[in-house]
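Here are my notes on the model you asked me to look over, set out as numbered points. Please keep the structure open beside them as you read.

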Amino acid sequence: MRSEAEGAVPEEKEPVDSADETADDSEEDGKRKKKQGSFWKELPVLIVVAVVLALVIKAFAVQAFYIPSGSMENTLQVGDRVLVNKIVYHTRDIARGDVIVFNGLDSWDPEVQVDEPSNPVSKALRAVGTAFGVAPNEKDYIKRVIGIPGDHVKCCDAQGRVTVNGVPLEEKSYIFTDPITHEQNKPSNDPFDVTVKPGQLWVMGDHRELSYDSRSHRGDPGGGTIPIDRVIGRAFVIVWPLDRLGTLPIPATFKQPALEKSGAAALPAAPYALGILCTLPLAYLRRRRHYKT
């Protein structure tokens, strides 16, 4: 007897119906095209949102600035981009040694002359570049604070150093040094003797032979000083180029306790002393009352 296996006729394979797969593929292609289309539609919105956020941050918190001149060498080089903290001076006072950016409009002449754009497109690009710190702004300056209100700033002592309230500054760590000859600028080639008025600052560039700073503006109404209310913020970090990435700390020489004038140093303690003097009679009366009872 023949087995069923021997007599069985091989079943023919059913042809594959690709209609469903084709429909799925076309549906996926449609979704992919739709996603790509929606991405290109959303891209302008994303760009606008990013620009608005950047402008808000720039207006209130942190702003990038382009360094157009060598007045702060070697600390800052031409073409560096720095970030400026615009909030810090709402939480603390401006300190000696801070590197600050301030607006010199109507008070100082520009250190760098920048040609005015000739057409609206160039003007728009310049405005955007300035806002994001990739183009120079001839109205803004960057200098180091040497004297704050009430300071007596003078140059030079017997060793050629700048003094603040009679205390000499050791500035070798940041004053410009020629990378080829290794010669360092003098603290100042021009003598000066200034007492900083309230609401003003005495500022100088680190490249003393190149910087057009407070020393060069002594004939101006402020006597070379700049108004505190024109300060935009404190430059705290170099972000470009990447090989120069680093912070901008206050040099150690500005942290000398002797820099604080004796009168100013006594002011914070005065309220406490006065409070103690006022409480002594009260304590005495309470003690007498205690013994009587």
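1. What is the nearest side chain of opposite charge to E73, and how many Å away is it? In this predicted model, the answer is R244, which lies 8.6 Å from E73. E73 has no salt bridge although it is buried; a salt bridge would need a side-chain nitrogen of Lys or Arg within 4 Å of a carboxyl oxygen of Asp or Glu, so R244 does not provide one here.

2. To see what does surround this residue, begin with its place in the chain: E73 sits in the loop that runs between β1 (62-66) and β2 (81-85). If its neighbours within four places in sequence are left aside, E73 is in contact with V78, Y174, F176, D206 and H207.

3. The loop between β1 and β2 also holds S71, a residue that deserves attention together with K143, since UniProt lists S71 and K143 under "active site" in an unreviewed entry. These two positions span 73 residues in sequence, yet their C-alpha atoms are no more than 8.0 Å apart, so they gather at one spot.

4. Are these two listed residues buried or exposed? S71 has a relative accessible area of 3%, which is under the 20% limit and therefore counts as buried. K143, which lies in strand β4 (residues 140-147), is likewise buried, because its relative accessibility is 0%.

5. Turning to the nonpolar interior, the largest nonpolar core is made up of 16 residues, and those with the most contacts inside it are I146, V153, V162, L169, F192 and W202. At least two residues of this core come from each of the strands β5 (152-155), β6 (162-164), β8 (192-195) and β9 (200-204). A second core, separate from that one, has 13 residues, among them V88, Y89, I148 and V231. As background, nonpolar side chains in soluble globular proteins tend to be buried together.

6. Finally, some values for the protein as a whole may help you to place these details. The secondary structure comprises five helices and 12 strands, and 32% of the 293 residues count as buried. Of the contacts between residues at least 6 apart in sequence, 71% join residues that are at least 24 apart. The exposed area of the protein is about 19,200 Å², of which carbon and sulfur atoms supply 59%.

Key. Residues numbered from 1 in each chain as written. Predicted model: local features only at pLDDT ≥ 70, side-chain atom pairs only at ≥ 80, totals over all residues. Heavy atoms only, no water. Core = buried A, V, L, I, M, F, W, Y, C linked by side-chain atoms within 4.5 Å. Buried < 20%, exposed > 50% of the residue type's maximum accessible area, 1.4 Å probe, protein only. Helix = DSSP H or I, 4+ residues; strand = E, 2+ residues; numbered from the N terminus. Contact = heavy atoms within 4.5 Å. Areas by Shrake-Rupley, 256 points an atom, 1.4 Å probe, with all protein chains shown as cover. Lys, Arg positive; Asp, Glu negative; His and termini not counted. UniProt positions renumbered as here; feature names shortened; annotations may be inferred.
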